[in-house]
Structures are given as C-alpha cells and as structure tokens.
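Q: I should like to learn how the features of a structural model are read, one at a time. Could we proceed by question and reply, with the general idea placed before the particular case?

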Amino acid sequence: MAKPVLVTGGTGTLGKHVVPLLRQAGRTVRVLSRNPRESRDSGVEYVGCDLMAGEGIDAALDGVETVLHLAGGPKGDDVATRNLMAAAAHAGVKHVVYISVIGADTVPLGYFQAKLGAERAVEESGVPWTTLRAAQFHDLLLTMAEKMAKLPVIPVPGGIRFQPVDSREVAARLVELTLGEPQGLVADLAGPKVYGMGDVNRTYLKARGKRRLMMPVRVPGKAGKAYRAGVNLSLDHALVGTRSWEDFLAERVAESAV
C-alpha cells in the first residue's frame, strides 16, 4: 500500500481541489490543520500541526515519503517552510513539492521575498524537491474586485497587470508533479490572458450590473517600477492554462444566482 501524501494547506483554495484529485489517483492523504477534525473519507486524515511554531511536524511526517506544501499566508512562509523542511530531512522524506508564485525572485515586496526564502529553504534542505511558480489565482482577483466595488470611486493603479490562472488547473498540475519524480524548478504556470487592474474591475462591475467611477493612480517606488516592467508576469516559456478570468467570473455569477 502506498504511503500517505502529506498536504499542508489542504483546507485552502488549492487544497480543496488537490485532496480529491489525490484520492482519485488512489492515494491516501494526510492533511495538516491547526484544527484537526474527523473525515468522512477513510482515505483522508486530518492532523494537528503549527508550522510557524514548529509544533506537531514530526508526528505528521511519520510514515510519509511525499509532501505537497501548499500552506501560505501574507507573511512568514519562509519561517514555516524552514521548519517543515528541517523535519522532512530528519524524517527521510523522498520528495517535497512546493507551490510558489511567479515573481518570487523579482518583485520587491515582502510577500514575494518570503516566497523566495521558502523556495531556498526547500532547495537547500537536502530533500529531493519540485517547485512550481504560479500566477495569481482568479479567486484572488475576485476578492480584490469585490472589495474595490464597495468604494464609491475605485482607484486603478496604472501599469499593474496580472496573468491570472484557474486554481483547479494549478491543482491538477501539482498533483501530476506530486505523483512524479523530483524535477527541481519547473516551468511557470500562468493564465491564458493578461489584464490590467482596470480590466479586472470593469469586467467584474459589468458582470454584477454595477457602475463605479474609476480613478487612475500611480504606484510609486521600486514596487511600482517592477510591476510596470511586468516582472510578475511569465510571458515566455510558461505553461498556460485554458480558463480565463471571464470564464471564471461567469461561473461565479451563475452560482450566486442559483
């Protein structure tokens, strides 16, 4: 019987897609969670663990050979990943798959720098590894558009562009990588189209039947310069998904109308 795949962040946006796909592939799954619970599926186990504090990791890795590291947040990903990788090396894990973000090595913002630190923790651990950098998910753009639509006037940062990808396509790619051999840094995964922030807001407002004034603003500093240069995009040599922002948005609008 194959040993369980340990999935961190298994209850998040990606995890909710990844866990069923791993089960369909015949693998048992152990999901890290700060709040463990009973599972309706005998092939899925939830175990308590705090990666930031380094608590419960050794027990979670017991009998595990493959780890899919999805857990992340606005800060601290480098610290959590260092804790995980130290324990994984000690436990003799044979393959760690990590999801990072396009621009981890080029965008001068704390979130991206923490992602790069996490990448390095994976690479330097001595554990065979695979890292996939993906673009922002459609889900994130939707959250941003929803919040902005609550404002009477929407600020539109000039020059900021996105190449959003569907989280289900990222999940499918991650499962493929998890079931395969370690490959190091693989090709980026991005969406099929590039959008400016104004495009995102306009399509959202139209889909929801709303109207708002939009005001162009300039993003100052190194971050603004980096975004205007498109360093968060992967226009060459990337794998490209098929589901567009418009496809995703139409589906969400239809779901909310039911």
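Q: Which exposed residues does the face of α8 turned away from its buried side carry?
A: In this predicted model, that face of α8 carries G221, K222 and K225, which are exposed. A residue is called exposed when its relative accessible area is over 50%, and buried when that value is under 20%.

Q: Which residues of helix α8 are buried, and against what do the buried residues of α8 pack?
A: The helix spans residues 221–228, and A223, G224, A226 and Y227 are buried in it. Around the axis they cover an arc of only 165 degrees, so they lie on the same side of α8. These buried residues pack against α4. Following α8 comes G230, with a positive phi near 75 degrees.

Q: How is the same reading applied to α1, and which of its residues are buried?
A: The buried residues of α1 are G15, V18, V19 and L22. They line one face of the helix, because the arc within which they fall, seen down the axis of α1, is 95 degrees. K16 and Q24, on the other side of α1, are exposed. The cover over the buried residues of α1 includes β1, β2, β3, β4 (66–69) and α6. Just after α1, G26 has a positive phi of about 90 degrees.

Q: Where is H237 placed, and is H237 buried or exposed?
A: H237 sits in the loop between α8 and β13 (239–240). Its relative accessible area is 77%, and therefore H237 is exposed, the cut-off being over 50%. H237 is not a glycine, yet its phi is positive, at about 65 degrees.

Q: What is the general idea behind a nonpolar core?
A: In soluble globular proteins, nonpolar side chains tend to be buried together. In this model the largest nonpolar core has 28 residues, and those with the most contacts inside it are L14, L70, I99, L132, V170 and L174. Two or more residues come from each of β1 (5–8), α1 (15–24), β2 (29–33), β3 (44–48), β5 (95–101), β6 (129–134), α6 (167–178) and β10 (189–190). The element that gives the most to this core is α6, with five residues. There is also a second, separate core of 23 residues, which includes F112, A149, M197 and L249.

Q: With which residues is L132 in contact, leaving aside its neighbours within four places in sequence?
A: On that basis, L132 contacts Y98, I99, S100, V170, R173, L174, L177, V186, A187, D188 and L189.

Q: How should residues such as E119 and N201 be read, and is E119 buried or exposed?
A: One may take the position, the accessibility and the contacts in turn. E119 belongs to helix α4. Its relative accessibility is 1%, so E119 counts as buried, the cut-off being under 20%. Not counting residues up to four places away in sequence, E119 touches Y98, S100, A104, T131 and R133.
A: N201 is in helix α7 (residues 197–208). With a relative accessible area of 1%, N201 is buried. Beyond residues up to four places away in sequence, N201 touches A145, M148, I154, V156 and M214.

Q: How is a pocket described, and what volume has the largest pocket?
A: A description may give the volume, the lining residues and their character. The largest pocket has a volume of about 1,100 Å³. It is lined by 39 residues, of which L70, A71, G72, G73 and K115 are the closest to its centre. At least two lining residues are supplied by each of β2, α3 (77–91), β5, α4 (110–123) and α5 (138–148). The most come from α5, with four residues. By character, the lining of the largest pocket divides into 20 nonpolar, 13 polar and six charged residues.

Q: Which residues line the second largest pocket?
A: The lining consists of K3, P4, R27, E65, T66, K94, H95, T178, L179, G180, E181 and P182. This second largest pocket holds about 180 Å³ of space. Its lining residues divide into three nonpolar, four polar and five charged.

Definitions and conventions:
Residues are numbered from 1 along each chain as its sequence is written. This is a predicted model: local features need pLDDT of at least 70, side-chain atom pairs count only at pLDDT 80 or more; totals for chains, interfaces and linings use all residues. Side-chain values use heavy atoms; hydrogens and water are left out. A nonpolar core is a set of buried Ala, Val, Leu, Ile, Met, Phe, Trp, Tyr and Cys residues joined through side-chain atoms within 4.5 Å. Buried means under 20% relative accessible area, exposed over 50%, partly exposed in between (1.4 Å probe, protein chains only). Contact means heavy atoms within 4.5 Å. The arc is that of the directions from the helix axis to the C-beta atoms. On a 1 Å grid over the protein atoms alone, a cavity is a set of points where a 1.4 Å probe fits but cannot get out, and a pocket is an open set with protein on both sides within 12 Å along at least five of seven lines; lining residues have an atom within 4 Å of a point. Grid points are joined across faces, edges and corners, and a volume is the space filled by probe spheres set on the points. Ala, Val, Leu, Ile, Met, Phe, Trp, Tyr, Cys and Pro count as nonpolar, Asp, Glu, Lys and Arg as charged, and the others, Gly among them, as polar.
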